[in-house]
Amino acid sequence: MACTYTCRVREMTAFACVFSALILTCVMLQPASAKPGHLRVITDGNWEEILTGEWMIEFFAPWCPACQQLQPVWNEFAEWGEDLDVNIAKVDVTEQPGLSGRFIITALPTIYHCKDGVFRRYQGARTKDDFLSFIQEKKWQSIEPVSSWFGPSSFMMNAMSALFKLSMFIRHCHNYLTEQLGVPVWGSYGIFALATLVSGLALGLVLVFVADFVFPSRRFASDYHHRKLPAGQVRLLQQSEDEQEADGEEEDDEDEYGGKTEEWRRVGGADALRRRGVDLPEEDT
């Protein structure tokens, strides 16, 4: 009995060793991938985190063949992020169109280096060793940084991000109208054209009201300023305006009567000359 029990224990031990060896082999043969938490994902909601510290950011798209080739290398590079004290991140431009416009992504994949809010575009080779030397040897210092006008936090890039988001929203609406509701393509274009016309008219009307309120026309300028002044000053201004109008009327009356008196004088002088000519004796004529 003891011999049989010993044999069974040996068989179970051998089976456990073989099973452990198989598991270890499978783990070793798995492709290298980034450790959990090493590769950060940047979105429109958390992109401001990259303004502090040092970052390497990849902009990619799932359908891009070059991005698919770079992904394993980028994952291996992300494993060194903790040792290099640098954050390795990626941005899917198909899911984050606002970031695509904010960074003006015109080619894929695009890699940016960021150090305390200063951005530089990486233009070197795309291997793990090149990425490591770029950080370790601080090669990014020789690259001219992106101008503050085109920085992701500038007003211009905020407007560009909003424009990209609007374009993506319009595209989703178009797909919904044509695919889900069955609206023809020309009908979708007509709806967007009408919406653009109505929104433009509404915006123009609002701007006219704002401009008329800020810069009132001359016809109502005096009344507008009078409403802004205290009651005493309004009374004084009204009295001065009335006095000026009265002075102007008196001047007009004086001009009118003065012209008439001159005319009367001329007519009277001509009559006097005629009378004198008639009263003269014949010898004098």
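In the predicted model, Glu54 stands opposite Lys115 of strand β4. The two strands concerned, β2 and β4, pair in the antiparallel sense, with six bridges between them. Lys115 also has a bridge partner in β5, namely Val118. Strand β2 pairs with β3 as well, here in the parallel sense and again over six bridges; within this pairing, Met56 stands opposite Ile88.

Strand β2 is mostly covered, with seven of its seven residues buried. In a regular strand the side chains alternate between the two faces of the sheet. Accordingly, Glu54, Met56, Glu58 and Phe60 point one way from β2, whereas Trp55, Ile57 and Phe59 point the other way, and all are buried.

These pairings belong to an open sheet of five strands, arranged in the order β1-β3-β2-β4-β5 with mixed pairing. Its edge strands are β1 and β5, each of which pairs on one side only. From one strand to the next, the twist averages 30°. At one edge, β1 and β3 pair in the parallel sense over three bridges, and the bridge partner of Val41 in β3 is Lys90. Two helices pack on the sheet. Helix α2 touches β1, β2, β3 and β4, and its direction makes about 160° with that of β2. Helix α5 touches β2 and β4, and its direction makes about 145° with that of β2.

At the other edge, β4 is joined by four bridges to β5 (residues 118–121), and these strands run antiparallel. The hairpin that they form has two residues between the strands, and Asp116 takes a positive phi near 55° there.

Helix α2 comprises 14 residues, 65–78, and reaches 20 Å from its first C-alpha to its last, close to the 20 Å expected at 1.5 Å a residue. The helix nevertheless has a kink of about 35° at Gln71, shortly before the proline Pro72. Gln71 is also one of the buried residues of α2, the others being Cys67, Leu70, Trp74, Asn75, Phe77 and Ala78. An α-helix has 3.6 residues a turn, so residues three or four places apart point the same way. The buried residues of α2 pack against strands β1 (39–41), β2 (54–60), β3 (87–92) and β4 (110–115), and also against helices α3 (81–84) and α5 (128–136).

Definitions and conventions: Residues numbered from 1 in each chain as written. Predicted model: local features only at pLDDT ≥ 70, side-chain atom pairs only at ≥ 80, totals over all residues. Heavy atoms only, no water. Expected span 1.5 Å × (residues − 1). Bend = angle between axes of the 7 residues up to and from the residue. Buried < 20%, exposed > 50% of the residue type's maximum accessible area, 1.4 Å probe, protein only. Contact = heavy atoms within 4.5 Å. Pairing = 2+ DSSP bridges. Axes fitted to C-alpha atoms, helices over the stretch in contact; angles between N-to-C directions.
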